[in-house]
Amino acid sequence: MTLLYFTATGNNLYISKRIGGKLCSIPKMIKSKNYSFSDDKIGLVFPIYTLCVPPIIEDFLKKVKLQSDYIFAVMSYGKVPGGAASHLVDIGNRNGIDFSYINIIKMVDNYLPVYYMEKQIATEPKKHIEENLERIITDINGKKEYIHRDSILSKSITKRLMKATSNRTVGLSKGFFIDDGCNHCGTCVKVCPVDNVSLQGEKPEFKDHCVNCLACTHACPKNVIRLSSEKSKVRFRNQHIEIREIIDANE
Ligand SMILES: Cc1cc2nc3c(=O)[nH]c(=O)nc-3n(C[C@H](O)[C@H](O)[C@H](O)COP(=O)(O)O)c2cc1C
């Protein structure tokens, strides 16, 4: 089994490790122009962004060639999955990818403009992550055929949102500023999946192709990368994942 995953704060890496198989980070595959995969099972594991499949994943799926009898996807989200499953089916149809299984799983929501991270982290036990993950793992091991059905309302809200925000890649990094205390450790540079951060001057600088994942601000060991729209200063990383693993996934 091959798993293609994308993670900023570790949720999707944790899910991928629990599912098992050969783990390949999507940003690394993009950087090395590796778009061809063949295995008995191939899975995609990534977060839902603004009720949809993130643009970085959509672009990857346009280029990728997947050879397998069983192609599946698990998408993680924090509160509102919107029409992401229908969006993924559409992307698959447009790109010749026939998904046998698409499911979603609720994790801690890392979206700083909406959530006080301390309150969001406290909701984790109520999300029953382990039970839900066990169910998904059993499904995948048994090659279950299943496509999550989005509600009609979710689908229509998502479609309207996609039309209203046709440029979904406008970067949140435009709203970053750096507090005092940066020690130039370079973690922000290393965890950025698209090389959008540099450390030439006094403070981290952000280029213009941020993919909104928030890895840099969540991972900063000094917690000095502020987002103007953040609800609180608290940051998140999945409790089972080390910072080294986020770096390995995205460097
Ligand atoms: C830019 C952005 C947009 C997000 N949009 C949604 C959303 O529409 N619905 C939702 O429930 N969670 C949303 N989330 C939360 C993530 O999908 C969720 O926390 C995910 O598990 C993070 O995965 P990671 O830890 O592997 O990066 C969003 C997060 C980010 C950074």
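Is Lys33 buried or exposed? Select Lys33 to begin: Lys33 is exposed, because 8 other C-beta atoms lie within 10 Å. (A residue is exposed with 12 or fewer other C-beta atoms within 10 Å of its own, buried with 20 or more, and partly exposed in between; C-beta atoms are placed from the backbone.)

Before you go on, two notes on the model. Residue numbers start from 1 along each chain as its sequence is written. The model is predicted, so local features need pLDDT of at least 70 and side-chain atom pairs count only at pLDDT 80 or more, while totals for chains, interfaces and linings use all residues.

**Stop 1: two loops**

Stay on Lys33, in the loop between α2 (26–31) and β3 (36–38). (Helices, H or I of at least four residues, and strands, E of at least two, are DSSP runs numbered from the N terminus.) Check the backbone here: Lys33 is not a glycine, yet its phi is positive, about 55°. Most residues other than glycine have a negative phi.

Now select His184, in the loop between β9 (176–178) and α8 (187–191). His184 also has a positive phi, near 60°. His184 is partly exposed, with 13 other C-beta atoms within 10 Å.

**Stop 2: the ligand**

Next, show the ligand and the 27 residues around it. (A residue is near a molecule if its C-beta atom, placed from the backbone, lies within 6 Å of it.) Ala8, Asn11, Asn12, Pro47 and Tyr77 come nearest. The elements giving two or more residues to this shell are α1 (11–19) and β6 (70–77).

Try colouring the shell by class: 13 residues are nonpolar, 12 polar and two charged. (Ala, Val, Leu, Ile, Met, Phe, Trp, Tyr, Cys and Pro count as nonpolar, Asp, Glu, Lys and Arg as charged, and the others, Gly among them, as polar.) Then colour by domain, using bounds from an automatic or database assignment. Domain 1 (2–164) and domain 2 (172–250) both give residues to the shell, so the ligand lies between them.

**Stop 3: Gly83**

From β6, move to Gly83, in the loop between β6 and α4 (84–94). Gly83 is buried, with 26 C-beta neighbours inside 10 Å. Add Thr50: its C-alpha atom is 9.6 Å from that of Gly83, although the two are 33 residues apart along the chain.
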